[in-house]
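Trainee: I would like a close look at one part, the annotated domain. Which residues does the UniProt annotation "domain: ABC transporter" cover? Please walk me through that part and then what it joins.

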Amino acid sequence: MSTPVIEVENLNLTYGDFHAVKDLTFEVRPGELYALLGTNGAGKTSTLETIEGHRTPTSGTVRVFGHSPGDRKAVRPRMGIMLQESGFSPDLTVRESVGLIGTLTRRTDDVDRVIDVVDLTRKAGTQVGQLSGGEKRRLDFATAVYGTPELIFLDEPTTGLDIQSRDDLWNAVDRLRENGSTVVLTTHYLEEAQQRADRIGLMHQGVFHHEGTVAELTRTLPSVIRFTLGGPAPALPVQAIVGADGSVLVETFGLQKDLALLLGWAENHGVELRDLSAGPTRLDDVFRAIES
Ligand SMILES: Nc1ncnc2c1ncn2[C@@H]1O[C@H](COP(=O)(O)OP(=O)(O)OP(=O)(O)O)[C@@H](O)[C@H]1O
């Protein structure tokens with residue numbers, strides 16, 4: 001098996017008396033998209049900052065490409081970090097800011113190519129202070145694109161982006177992955193993680209509540225069928241929770257069988273199942289199960 005890009009072993013981080021990350025162990029493999037998710041204050045940022053070399057572990061070890069993250073020369077040029085706020089100077093233009101990424105990371109790329117990938121060509125001469133929120137976010141993304149780094153950190157990359165910009169960003173991420181980049185993602189948009197992550201580490205209060213593929217995470221929970229009844233209807237053929245507004249929720253470990261029963265019942269009685277949806281448990285439900 002190939003060497004992991006990131007290896008975290010028994011990582012502990014404390015702030016004074018507060019134990020923020022507790023004996024965390026995981027690895028990220030080459031080419032993977034790994035999503036680090038969790039409740040507020042779970043310890044995701046603390047963990048990422050340690051991997052990025054900005055924070056020293058209280059105990060435990062972290063290796064990136066087999067090196068300590070503190071070994072800046074060996075590690076820094078190989079990783080692109082899109083923070084929630086990159087802190088580009090408001091007085092610099094987009095082109096000057098993108099050029100700075102090359103200087104800081106010691107990676108090489110064509111500045112105009114990068115500006116084109118993040119769709120800021122029309123704003124290349126505009127000062128950062130005059131960009132909209134979404135345009136600033138796209139400029140932040142340039143830090144991950146510049147020089148096609150082998151390892152990319154995306155910290156809530158799509159927050160504040162409209163749908164078109166979001167799709168563009170994910171297309172650009174797909175291209176980086178085709179070039180072999182490994183991606184570590186944090187997001188509060190669980191659908192994005194569910195659709196794109198190879199594996200997910202779900203943190204809560206400093207430890208992993210779950211770790212594995214999306215399928216592994218959701219397998220332990222029942223599938224869900226939802227629909228709404230427009231009016232009075234005969235007794236349902238399966239166990240369900242029926243709301244006062246006619247909304248129906250069926251939780252089942254036999255999705256195909258129960259769905260067939262419901263469709264047959266609706267057909268026989270001429271009942272319309274409005275807004276019908278059926279599928280495996282979503283990550284949102286896994287989160288709700290943790291928090292409750
Ligand atoms: N510098 C610090 N000093 C003291 N406590 C801190 C410090 N940084 C973080 N913490 C605490 O450590 C815990 C983990 O914080 P962290 O920012 O890693 O969580 P997170 O999972 O990124 O949360 P969120 O989703 O809310 O951003 C929190 O309870 C936070 O209050």
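Mentor: First, a word on such annotations. UniProt positions are given here in the numbering used for this chain, feature names are shortened, and an annotation may be inferred rather than shown by experiment. Now your stretch. According to the UniProt record, an unreviewed entry, "domain: ABC transporter" covers residues 6-230. Keep in mind that this is a predicted model.

Start with the whole. The protein has 292 residues, and 31% of them count as buried. It holds 10 helices and 13 strands. The C-alpha trace spans about 70 × 50 × 40 Å along its principal axes. Contacts reach far along the chain. Of those with a separation of 6 or more, 67% join residues 24 or more positions apart.

Now zoom in on residues 6-230. This stretch is 32% helix and 29% strand. Its end C-alpha atoms are 53 Å apart.

Begin at strand 1, residues 6-15. Strand 1 pairs with strand 2 in the antiparallel sense, over seven bridges. Find I6: its bridge partner in strand 2 is V28. The two strands form a hairpin, with two residues between them. In the turn, look for G16, which has a positive phi of about 60 degrees.

Strand 2 leads us to the ligand. Strand 2 (18-28) and helix 1 (44-51) each supply at least two residues of the shell around it. Which element gives the most to that shell? Helix 1 does, with three residues. The ligand is surrounded by Y15, F18, A20, G38, N40, G41, A42, G43, K44, T45 and S46. Sort that shell by class. It has four nonpolar, six polar and one charged residues.

Next, the open sheet. It has six strands, in the order 5-6-7-3-8-9, with mixed pairing. Which strands stand at the edges? Strand 5 (79-82) and strand 9 (207-212) do. Each has a single partner strand, so one side of each is left without a neighbour in the sheet. Neighbouring strands of this sheet are turned by 15 degrees against each other on average, direction ignored.

Follow the sheet to strand 9. Its pairing with strand 8, residues 199-204, is antiparallel and runs over five bridges. Find M203, which stands opposite F208 in strand 9. At the other edge, look at helix 5, residues 133-145. Helix 5 lies across strand 5 and strand 6. It runs at about 165 degrees to strand 5.

Leave strand 6 and you meet E156. E156 lies in the loop between strand 6 (151-155) and helix 6 (163-178). Its phi is near 45 degrees, a positive value in a residue other than glycine. Why pause there? Most residues other than glycine have a negative phi. Is E156 buried, exposed or partly exposed? Buried needs 20 or more C-beta neighbours within 10 Å, and exposed needs 12 or fewer. E156 has 16, so E156 is partly exposed.

Now Q130, in the loop between helix 4 (111-117) and helix 5. Q130 has 12 C-beta neighbours inside 10 Å, so Q130 counts as exposed. The C-alpha atoms of Q130 and L255 are separated by 52 Å. Along the chain, these two residues are 125 residues apart.

Now for what the domain joins. Strand 10, residues 223-229, runs antiparallel to strand 12, residues 247-252. Six bridges join them. One pair to find is S223, standing opposite T252 in strand 12. Strand 12 also pairs with strand 11, residues 241-242, in the antiparallel sense over two bridges. There, V242 has V248 as its bridge partner. Strand 11 and strand 12 form a hairpin with four residues between them. G246 in the turn has a positive phi of about 90 degrees.

One last stop: D275. D275 is found in strand 13, residues 273-279. Its phi is positive, about 50 degrees, although D275 is not a glycine. With 8 other C-beta atoms within 10 Å, D275 is exposed.

Methods: Residues numbered from 1 in each chain as written. Predicted model: local features only at pLDDT ≥ 70, side-chain atom pairs only at ≥ 80, totals over all residues. Contact = placed C-beta atoms within 7 Å. Near = placed C-beta within 6 Å. Nonpolar A, V, L, I, M, F, W, Y, C, P; charged D, E, K, R; others polar. Pairing = 2+ DSSP bridges. Axes fitted to C-alpha atoms, helices over the stretch in contact; angles between N-to-C directions.
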